[in-house]
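Visitor: Please show me the model, and then take my questions in turn.

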Amino acid sequence: MREMNAVRAHRRGGPEQLVHEKAPCPRPGPGEVLVAVRAASITAGELGWDATWTDSLDGSGRDRTPIIPSHEFSGVVAALGDDVTDWQAGDEVYGLIPFTMDGAAAEYAAVPADVVAAKPESLTHDQAAAVPLAALTAWQALVDHGHLRRGRRVLVHGGAGGVGSFVVQIAAALGAEVAATAAGRDLDFVRSLGADIAVDYAHDRFEDRVHDVDLVVDLVGGPTLDRSWQVVRPGGTVVGIAAPPDAEEAARHGARGVFFVVRPDRAGLRSITDLVEHGRLAPPIDRLLPLSQARAAYEALEREHRRGKIVLQVSD
Ligand SMILES: NC(=O)c1ccc[n+]([C@@H]2O[C@H](COP(=O)([O-])OP(=O)(O)OC[C@H]3O[C@@H](n4cnc5c(N)ncnc54)[C@H](OP(=O)(O)O)[C@@H]3O)[C@@H](O)[C@H]2O)c1
């Protein structure tokens with residue numbers, strides 16, 4: 001059996017479980033493409049998600065260990081499974097792999113052909129790998145769940161982070177008035193992404209700076225999420241991405257609370273590609289690390305201050 005370099009975890013846990021080792025190269029099943037991964041990107045909290053370890057989103061399914069983490073990638077189509085007609089070997093592609101499958105921290109990944117999109121030509125593979133999960137989460141929060149329209153007011157909590165930096169840019173690109181909370185040292189950064197108002201979460205109260213917000217996108221949870229009801233207008237929406245908004249609080253404020261898990265979506269990814277190619281969206285990359293340093297990359301997600309995404313370089 002052909003082997004590849006991969007990062008795997010043989011037991012459920014945190015970054016300490018990740019090993020860089022040889023693993024069997026996957027074969028594309030019907031409807032799948034085999035992608036030669038050039039770069040993959042990682043997300044805060046993903047090693048804590050049930051879907052990372054089982055074949056169901058709520059953890060009730062079969063244990064999938066050993067697992068390969070990191071579900072967003074950019075690469076080149078290397079082979080086609082049966083019934084795949086829309087891609088050819090050599091196509092440059094990027095995408096979000098369903099969380100209940102092996103991810104892309106490996107030289108090859110078998111990916112459903114219908115979740116893959118053409119890589120933006122203006123981005124390198126390292127840059128493109130930082131886009132799919134964060135940008136699709138942002139797109140689905142703002143457009144699918146938040147029903148954002150031009151001129152509406154949006155508050156983004158955690159605007160300098162991996163996902164928040166995309167929420168701020170996409171909200172601004174869609175014509176919203178954007179306020180974002182971030183660390184004091186990140187205020188200029190979130191303004192550079194398109195925030196009209198930047199609030200230092202450690203020293204200022206966002207309740208004193210924003211009000212009558214149409215949509216809150218919260219990437220933090222806890223008290224930050226709970227306090228958000230005070231600034232939403234009646235009929236407005238709080239989309240929680242780190243944690244579900246309280247349904248009773250939503251009812252009390254005449255607002256809507258939504259929690260969702262990002263899903264692969266080729267149409268959404270094409271809209272995102274369009275924003276990238278028109279210069280309206282750029283992936284903020286905190287650092288690039290080789291695949292062999294995946295464990296250090298995941299540790300940095302938990303412990304270190306960052307701006308934007310951490311990308312694993314898999315091959316040239
Ligand atoms: N539901 C889904 O489908 C989905 C998809 C993607 C991600 N997520 C979840 O969403 C969350 C965010 O992910 P991420 O990749 O963006 O994480 P991240 O890169 O760690 O970003 C979080 C940001 O929030 C900031 N922050 C911390 N406390 C804050 C506060 N009280 N007020 C405002 N900002 C604060 C952090 O700043 P400092 O650096 O100063 O701490 C950081 O910039 C994670 O819990 C992740 O698991 C869920």
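The questions below go from the whole chain to two helices and then to single residues.

Visitor: What kind of model is this, and from which number are residues counted along each chain?

Guide: This is a predicted model, in which local features need pLDDT of at least 70, side-chain atom pairs count only at pLDDT 80 or more, and totals for chains, interfaces and linings use all residues. Residues are numbered along each chain as its sequence is written, from 1.

Visitor: How many helices and strands are in the chain?

Guide: Helices (H or I, at least four residues) and strands (E, at least two) are DSSP runs, numbered from the N terminus. On that basis the chain has eight helices and 15 strands.

Visitor: What is the radius of gyration of the chain, set against the globule rule?

Guide: The radius of gyration is taken over C-alpha atoms, and the globule rule is 2.2 Å times the number of residues to the power 0.38. For 316 residues the rule gives 20 Å, and the chain's value is close to that, so the chain is as compact as a globular protein of that length. The C-alpha atoms fill a box of roughly 60 × 40 × 35 Å along the principal axes. The radius of gyration itself is 19 Å.

Visitor: What percentage of the 316 residues is buried?

Guide: A residue is buried if 20 or more other C-beta atoms lie within 10 Å of its own, exposed if 12 or fewer, and partly exposed in between, with C-beta atoms placed from the backbone. Of the 316 residues in the chain, the buried share is 50%.

Visitor: At what angle do the axes of α2 and α3 cross?

Guide: Two packed helices are described by the angle between their axes and the distance between the axes. Axes are lines fitted to C-alpha atoms, for helices over the stretch in contact, and angles run from 0 to 180 degrees between N-to-C directions. The axes of α2 (residues 132–145) and α3 (residues 164–173) come within 8 Å, and their crossing angle is roughly 50°.

Visitor: Which term describes α2 relative to α3 at that angle?

Guide: Angles under 35 degrees count as roughly parallel, over 145 as roughly antiparallel, 65 to 115 as roughly perpendicular and the rest as oblique. The axes cross at roughly 50°. That makes α2, relative to α3, oblique.

Visitor: Which residues make the contact between α2 and α3, and how do they divide by type?

Guide: Two residues are in contact if their C-beta atoms, placed from the backbone, lie within 7 Å. The contact is made by Ala134, Ala135, Ala138, Trp139, Ala141 and Leu142 of α2 and by Phe166, Val167, Ile170 and Ala171 of α3. Ala, Val, Leu, Ile, Met, Phe, Trp, Tyr, Cys and Pro count as nonpolar, Asp, Glu, Lys and Arg as charged, and the others, Gly among them, as polar. The contact residues divide into no charged, no polar and ten nonpolar.

Visitor: Why is α3 described as largely enclosed, and what covers it?

Guide: Eight of the ten residues of α3 are buried, so the rest of the structure largely encloses this helix. Among the buried residues of α3 are Gly164, Ser165 and Gln169. The cover over the buried residues of α3 includes β8 (153–157), β9 (177–182), α4 (187–193), β11 (213–218), α7 (266–277) and α2.

Visitor: How many of the 14 residues of α2 are buried?

Guide: The buried residues of α2 include Pro132, Thr137 and Gln140. The helix is mostly covered, and its buried count is eleven.

Visitor: Is valine 116 buried or exposed?

Guide: Valine 116 lies in strand β7 (residues 116–118). Leaving aside neighbours within four places in sequence, valine 116 is in contact with Val33, Trp87, Val93, Gly95 and Val111. With 27 other C-beta atoms within 10 Å, valine 116 is buried.

Visitor: Which residues does the cis peptide bond join?

Guide: Most residues other than glycine have a negative phi, and most peptide bonds are trans. Here one cis bond has omega of about 0°, and its proline is found in the loop between β3 (32–42) and β4 (72–80). The bond joins threonine 65 and proline 66.

Visitor: Is aspartate 212, with its positive phi, buried or exposed?

Guide: Aspartate 212 has phi near 50°, and its place is the loop between β10 (197–200) and β11. With 10 other C-beta atoms within 10 Å, aspartate 212 is exposed.
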